[in-house]
Amino acid sequence: MIVRSLSILRTLAHSAGGLSLAELSDRIGIPVSSAHRLMGTLESEGFVTRSTTNRRYFIGPASRELAEAGRQHQSPLVTAHPAVVEAGRVSGETIFLCEFTGAAVVCIAMTESTRPLRLFVRVGQTMPLNAAASARVLLAWRDPEEVRQVLSRSALLRYMRGTPVSVAEVFSHLQLIRSRGYDICDSELDDNVWAVSAPIRSSTGDIVASVTLAAPFHRMGTEEAKSWAISTVRDTASEMSGDLGYTPSET
């Protein structure tokens, strides 16, 4: 059982788009019934999580916590997708990835800013659903009733004066995100912090993660700087989506 469980975790760790129960069963070489029992245990302990939209399994927060603990003994830089590393290199700003883990949005990888006044974001950090661009992008294209339920169970705290704190306010903002294809957080979570986030899609078109650039407001004080940051994040999201097999539909 232990060997099979480790094989499952190792397989999922190398499957960015997640795997169905049947795919896991086939790759590990065990019956679907056995895989189902193992996945139930791993999911209950947080080592794997299952998407509510496409029912595919992904590495869970407990597995990421163990991986992060090991990385902290090796390097202060959390390993991220090459596109994230490159975006961090060219921008010099903090770039990070988030995804849904259960009903929470969690930072799963990042590259830290090389400039003064770094922002405090860490792997494993939970992002507020109403105030963080990284979280709102993940909500924007989900089923409205599912979003309403998730928000109604969450504490919608007012971090700054412009933070949306009601379900209606968040819904209104989600409509704006869908219309422009990305989200901006302008001192809504942290004072004098500007961030832009874009969705990452899988081969099925489902949004599986978000990529975010965050910087002190004074470094994003011009429209030119903001436009460049938006383009950088959208290009990064597009490259990562392409790696997951996503092809934008022609209009």
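1. Starting with the overall wiring: take the contacts in the protein chain between residues at least 6 apart in sequence, and 56% of them join residues at least 24 apart. Keep in mind as you read that this is a predicted model. The chain has nine helices and eight strands. Of its 251 residues, buried ones make up 49%.

2. On to the N-terminal helices, beginning with α1 and α2. Helix α1 covers residues 2-13, and its axis comes within 10 Å of the α2 axis, the two crossing at roughly 115°. That makes α1 and α2 roughly perpendicular to each other, and their crossing is right-handed. From the α1 side the contact uses Ser 7, Ile 8, Thr 11 and Leu 12, and these meet Leu 24, Arg 27 and Ile 28 in α2. Sorted by class, the α1 contact with α2 has four nonpolar, two polar and one charged residues.

3. Next, α2 against α3. Helix α2 runs over residues 21-28 and α3 over residues 32-44; they pack at an angle of about 110° with their axes 9 Å apart. So α2 and α3 also come out as roughly perpendicular to each other. Leu 21, Leu 24 and Ser 25 make the contact from α2, while α3 supplies Val 32, Ala 35, His 36 and Met 39. The residues here divide into five nonpolar, two polar and no charged.

4. The remaining pair is α1 with α3. Their axes are 10 Å apart and the packing angle is about 80°, so α1 and α3 are roughly perpendicular to each other. On α1, the residues in the contact are Arg 4, Ser 5, Ile 8, Leu 9 and Leu 12; on α3, they are Ser 34, Leu 38, Met 39 and Leu 42. By class, this contact of α1 with α3 has six nonpolar, two polar and one charged residues.

5. Which residues of α2 are buried? They are Leu 21, Leu 24, Ser 25 and Ile 28. Looking down the α2 axis, these buried residues fall within an arc of 100°, so they line one face of the helix. Among the elements covering them are α1, α3 and β2 (57-59). The face of α2 turned away from the buried side carries Asp 26 and Arg 27, both exposed. Note that Arg 27 is also one of the α2 residues that meet α1. After α2 comes Gly 29, with a positive phi near 80°.

6. Ala 35 is worth a click in the viewer. This residue sits in helix α3, and at 1% relative accessibility Ala 35 counts as buried. Leaving out residues up to four places away in sequence, Ala 35 touches Leu 21, Ser 25 and Ile 30. Leu 21 and Ser 25 have already come up as part of the α2 contact with α3. There is a link in space toward α1 as well: Ala 35 and Arg 4 are 31 residues apart in sequence, with their C-alpha atoms 8.7 Å apart.

7. Further along the chain, helix α5 (residues 82-91) has a buried set of its own: Ala 83, Val 84, Ala 87, Gly 88 and Ser 91. Viewed down the axis of α5, these fall within an arc of 140°, so they line one face of the helix. What lies over that buried face? The cover includes the strands β3 (94-101), β4 (104-111) and β8 (207-216), along with helix α9 (223-243). On the other side of α5, Pro 82 and Arg 89 are exposed. Just after α5, Gly 92 takes a positive phi of about 75°.

8. One last residue to look at, over in β8. Pro 216 is found in that strand, which is among the elements covering the buried residues of α5. Is Pro 216 buried or exposed? Pro 216 is buried, with a relative accessible area of 7%. Its C-alpha lies 9.5 Å from that of Asp 190, and the two residues are 26 apart in sequence.

Terms used:
Residues numbered from 1 in each chain as written. Predicted model: local features only at pLDDT ≥ 70, side-chain atom pairs only at ≥ 80, totals over all residues. Heavy atoms only, no water. Axes fitted to C-alpha atoms, helices over the stretch in contact; angles between N-to-C directions. Helix = DSSP H or I, 4+ residues; strand = E, 2+ residues; numbered from the N terminus. Parallel < 35°, antiparallel > 145°, perpendicular 65-115°, else oblique. Contact = heavy atoms within 4.5 Å. Nonpolar A, V, L, I, M, F, W, Y, C, P; charged D, E, K, R; others polar. Buried < 20%, exposed > 50% of the residue type's maximum accessible area, 1.4 Å probe, protein only. Arc of directions from axis to C-beta. Left-handed = near helix turned anticlockwise from the far one by under 90°.
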